[in-house]
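Colleague: Could you take me through the salt bridges in this one? I'd like a close look at which residues pair up and how buried or exposed they are.

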Amino acid sequence: MGSSKMDKGLNFSDEDGVEERKSEMGIENKESKKSEMGFEKSNKKTKRKRFFIFPKFACMRLDDEFPVVETPAHEGGFDVETSQKGPGHAPNHLVVMVNGIIGSVDDWKYAAEQFVKAYPRDIIVYRSRSNYSKLTFDGVDVMGTRLAEEVQSVVKRTPHLQKISFIGHSLGGLVCRYAIAKLYEQSSARIACGQDMECSLNGSTDSCAEEVSKRKIVGLEPVNFITCATPHLGCRGHKQAPAFCGLYSVEKVAARSSWLLGRSGRHLFLKDHDEGKPPLLLRMANDSEDLPFISALQSFKRRVAYANTNFDYLVGWSTSSLRRRSELPKRRNMKKVDKYPHIVNVDEATSVSSTEETPTMANINVHNSQEMEEAMIRGLTKLSWERVDVSFKGSIQRFLAHTAIQVQSYNLNSDGVDVIQHMIDNFAL
């Protein structure tokens, strides 16, 4: 491999020498000039055409000082990091990106590269491949377990890591929620208090200590948990899947046909009752006897939900933004931001049901989709969430909103680059 590159280099330099000798002798290569002129013209045409089809926003012009490189990982996924490795360069923040249903490792290619270009010395991106194609039909629990094992392996072979973040698209967001519950670790430590590591109690000087709880994900500090167009409340009823047009009869038929998507379909439509237990998504809205789903989510500094307000026919606005339909912002009040043309509303981190009592599993009618939806909202919104509403209205790519929000394919979803840039600009290191 090295020798072939050297050969190419020698050939290139030899050709340069010949051209230089020709120019010294006063010999002009007319054909070469013609071809160069023709190339310049065609190149200009190509550039104009690309700019017309794929408009570039100022926010996406990232510094190419640090080129990125993809390294195939042992688990089958890909590590994306900067190829510019100077003294002491060791990114300590792992960003795990997870694809949605029937997805692949390539779905996050564009976003991974932009993240690394923005934070070349801070992060390494791992694009998961443990769940791809038909493996995404295996169920949220099976997929989440596979992802957890994959992340453990990545962390084990990268000992300098200190922090971890997750970004999941569509079903991948639910898989991330299950995986972090598997990876959650909580330990207590006693630290001495006072400047001199002792304090005065009742006139006597005794050493004292404070109990501090350390919450980690696979031994690392959890920072960002980000989902894009993720059906947090499932797809059953209540217009959570816009493709069904809100028609009860169509939603009922879809629920009965959920088996076409395997166990994942049953989980999404809340039709699973494994071993007599309530549906998995309902259990994942609280700490259960199986796994600490909410405690794991709570350990992250930020929780962010990106949601399409319209034209996403697979995942509705309510389920992806963790809101009741009555709580959705009024469209007339939405305003676009120049830097992020497709982001129309940003709600700062707030917990909306911290004072509301969450019903116990025994009191929830698992045959009533609205009761289950309300229970999931109350459980999940005990925690604070940043909500970012996205609209591709007016875009020629609006009917691909579900994949555009992720820029799954740059050729088809280039209008979503400002959404990725918003993620990068607000990413906590």
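Modeller: Sure. There are 14 salt bridges in this structure, and keep in mind that we're looking at a predicted model. Let's start with R263 and D274, whose side chains meet in a salt bridge at 3.0 Å, N to O. That pair ties together distant parts of the chain: R263 belongs to helix α7 (residues 262-268), while D274 sits 11 residues away in the loop between α7 and α8. R263 has a relative accessible area of 23%, so it counts as partly exposed, and D274 is partly exposed too, at 32%.

Now go to E386 and R302, where the closest N and O atoms of the salt bridge are 3.0 Å apart. Here the link runs between two strands, with E386 in β13 (residues 385-390) and R302 in β11 (residues 302-308), 84 residues apart along the chain. Both E386 and R302 are buried.

R323 and D347 give you a mixed case. Their side chains form a salt bridge at 2.9 Å, N to O. R323 lies in the loop between α10 and β12, D347 is in strand β12 itself, and 24 residues separate them. R323 has just 4% relative accessible area, which is under the 20% cut-off, so it is buried. D347, on the other hand, comes out at 28% and is therefore partly exposed.

Finally, have a look at R324, E327, E374 and R378: salt bridges link these four into a network.

Note on methods. Residues are numbered from 1 along each chain as its sequence is written. This is a predicted model: local features need pLDDT of at least 70, side-chain atom pairs count only at pLDDT 80 or more; totals for chains, interfaces and linings use all residues. Side-chain values use heavy atoms; hydrogens and water are left out. Helices (H or I, at least four residues) and strands (E, at least two) are DSSP runs, numbered from the N terminus. Buried means under 20% relative accessible area, exposed over 50%, partly exposed in between (1.4 Å probe, protein chains only).
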